[in-house]
Amino acid sequence: MIALNNHPSGRHFLQIPGPSPVPDRILRAISLPTIDHRGPEFAILGKKVLAGLQQVFQTRHPVVIYPASGTGAWEAALANVMSPGDAVLMYETGHFASLWNKMALRLGLAPEFLALPGTDATDLPNSWRHGVQAELIEQRLRQDSAHRIKAVCVVHNETSTGVTSDIAAVRRAIDAAGHPALLMVDTISGLASADFRHDEWGIDVSVSGSQKGLMLPPGISFNALSPKAIEVSKNARLPKAFWAWDEIVEMNAGGYWPYTPNTNLLYGLSEALDMLLGQGLPVVFARHKRWAEGVRSAVGAWGLPTQCADPRVHSPVLTGVITPQGTDADAVRRLIHERFDLSLGTGLGKLKGRMFRIGHLGDCNDLTLLAALSGVEMGLKLSGVPLAGSGVVAAMDFFASAA
Ligand code: PLP
């Protein structure tokens, strides 16, 4: 029987690709007394987190913080720059790209969903095993000589698959086609774990959330803007009020918000920024890459395929593991949760039951990952999945040899 607090002793292993475990340091910061969000202290906090976020997004331009989950920031991104019926070119990399596409439809836009056609030997869609193919975007934009397409929307780190996309290549494709479309990028699970450069990559709107690389609980999300996006937003006609950038950016200049922000999560954000920027983003990115490599060494030793079929674009944030045909990946996950108090990500959308996801982001280290891999290996064995060898031993060898 599952009860609300079902973790009798020790820490629960929250090994899903977000929400990621929240470090004690951040939990303590969140527990500070709530202060007056119009008072002088608050402005110091507001200005600090806004400036720190600019460093994390690698931008000199405004970043907007919403008291909402990532889905809210998706809607904000579209609502601020689009007008009813606008054509948007989106790219199907997985479940989250599909949800953003569905949202565009519900908002009254005319999204076109590009994808790599077909399935492969695993019988899973090719488009859900590879990153964005920038040349397909370039081809499509070249056909749009009337410039009906107003934005290109892509997901940087597709959390449903563990595949990243080359955002700089998408910018080059848009430029090569000589097309004025805005570039909008979901980096909800990429930010602060994988390298992300809002300005250098020519992104107009970046969308992110708190509960992944920033190591915070869910509840705040972000839009990073470009000057071009801000200009476009002035004449965009989709209804927007709560999401509208103009009033927020104006009040943010003084460190305040036009509504009540989530003060305590902002304390947590301030602490997270101290941790991440204190270590330096390159160090943070390198350690995620290394963890991912260690986890892949385990999956390889088990003899199971990763959901990402292109070695150039493996996610540093999570690894999708495909279970053999006939093995229900969710049954394996359930068993691992029940026996070892370890949560793994479920297969989403078209991947339901075919794979599970191991998160390796945020507040992890080599030993927590090895423990998580032990839980997975025991669960696979108990589920009767034939394994080629020990993934845990392979990962131990990797972590011991790669400092
Ligand atoms: N986009 C990506 C890539 C995600 O990983 C998620 C959530 O996991 C979302 C969008 C939706 O964000 P939220 O669940 O915070 O609303």
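**Figure 1. Gly384, in the loop between helix 12 and helix 13 of a predicted model**. Helix 12 covers residues 366-382, and helix 13 covers residues 391-401. Gly384 sits in the loop that links them. The relative accessible area of Gly384 is 54%. Exposed means over 50%, so Gly384 counts as exposed. Leu367 serves as a distance marker for this view. In sequence, Gly384 and Leu367 are 17 residues apart. In space, their C-alpha atoms are 26 Å apart.

**Figure 2. Helix 2 and the elements that pack against its buried residues**. Helix 2 runs over residues 40-57 and has 18 residues. At 1.5 Å a residue it should span 26 Å. The end C-alpha atoms of helix 2 are 26 Å apart, which agrees. The buried residues of helix 2 are Phe42, Ala43, Leu45, Gly46, Val49, Leu50, Gly52, Leu53, Val56 and Phe57. Three strands pack against these buried residues: strand 2 (63-66), strand 9 and strand 10. Three helices do so too: helix 8 (245-252), helix 9 (263-279) and helix 10 (281-302). Just past the end of helix 2 comes Gln58, with a positive phi of about 55°. Most residues other than glycine have a negative phi.

**Figure 3. Ser210, in the loop between strand 9 and strand 10**. Strand 9 covers residues 205-209, and strand 10 covers residues 221-225. Both strands also pack against the buried residues of helix 2. Ser210 has a relative accessible area of 0% and is buried. Its contacts, leaving aside neighbours within four places in sequence, include the run Met215, Leu216, Pro217, Pro218, Gly219 and Ile220. Phe222 is also in contact with Ser210.

**Figure 4. Gly94, in the loop that leads from strand 3 to helix 4**. Strand 3 covers residues 87-91. Gly94 has 0% relative accessibility and counts as buried. Residues up to four places away in sequence are not counted in what follows. Gly94 touches Trp128, Glu158, Ser160 and Thr161. Leu348 lies 254 residues from Gly94 along the chain. The C-alpha atoms of Gly94 and Leu348 are separated by 8.5 Å.

**Figure 5. Helix 4, residues 95-106**. Helix 4 has 12 residues. Its expected span, at 1.5 Å a residue, is 16 Å. Its end C-alpha atoms are 16 Å apart, in agreement. The buried residues of helix 4 are His95, Ala97, Trp100, Asn101, Met103 and Ala104. Gly108 follows helix 4, and its phi is positive, near 85°.

**Figure 6. Positive phi at Asp123 and at Ala192**. Neither residue is a glycine. Phi is near 75° for Asp123 and about 70° for Ala192. Buried or exposed: which applies to Asp123, and which to Ala192? Asp123 has 52% relative accessibility and counts as exposed. Ala192 has 2% relative accessibility and counts as buried. Asp123 is in the loop between strand 4 (110-114) and helix 5 (134-143). Ala192 is in the loop between strand 8 (182-186) and strand 9.

**Figure 7. The cis peptide bond from Gly18 to Pro19**. Omega of this bond is near -5°. Most peptide bonds are trans. Pro19 lies in the loop between strand 1 (13-15) and helix 1 (24-30).

**Figure 8. The whole chain, for orientation**. The chain has 13 helices and 13 strands. Its radius of gyration is 21 Å, close to the 22 Å that the globule rule gives for 403 residues, so the chain is as compact as a globular protein of that length. The C-alpha atoms fill a box of roughly 60 × 55 × 40 Å along the principal axes. Of the 403 residues, 58% count as buried. Among contacts between residues at least 6 apart in sequence, 74% join residues at least 24 apart. The accessible surface of the chain is about 16200 Å². Carbon and sulfur atoms account for 56% of that surface. The chain holds 35 positive and 36 negative charges, and their mean positions are 1 Å apart.

Methods
Residues numbered from 1 in each chain as written. Predicted model: local features only at pLDDT ≥ 70, side-chain atom pairs only at ≥ 80, totals over all residues. Heavy atoms only, no water. Helix = DSSP H or I, 4+ residues; strand = E, 2+ residues; numbered from the N terminus. Rg over C-alpha atoms; globule rule 2.2 N^0.38 Å. Buried < 20%, exposed > 50% of the residue type's maximum accessible area, 1.4 Å probe, protein only. Contact = heavy atoms within 4.5 Å. Areas by Shrake-Rupley, 256 points an atom, 1.4 Å probe, with all protein chains shown as cover. Lys, Arg positive; Asp, Glu negative; His and termini not counted. Charge placed at Lys NZ, Arg CZ, Asp CG, Glu CD. Expected span 1.5 Å × (residues − 1).
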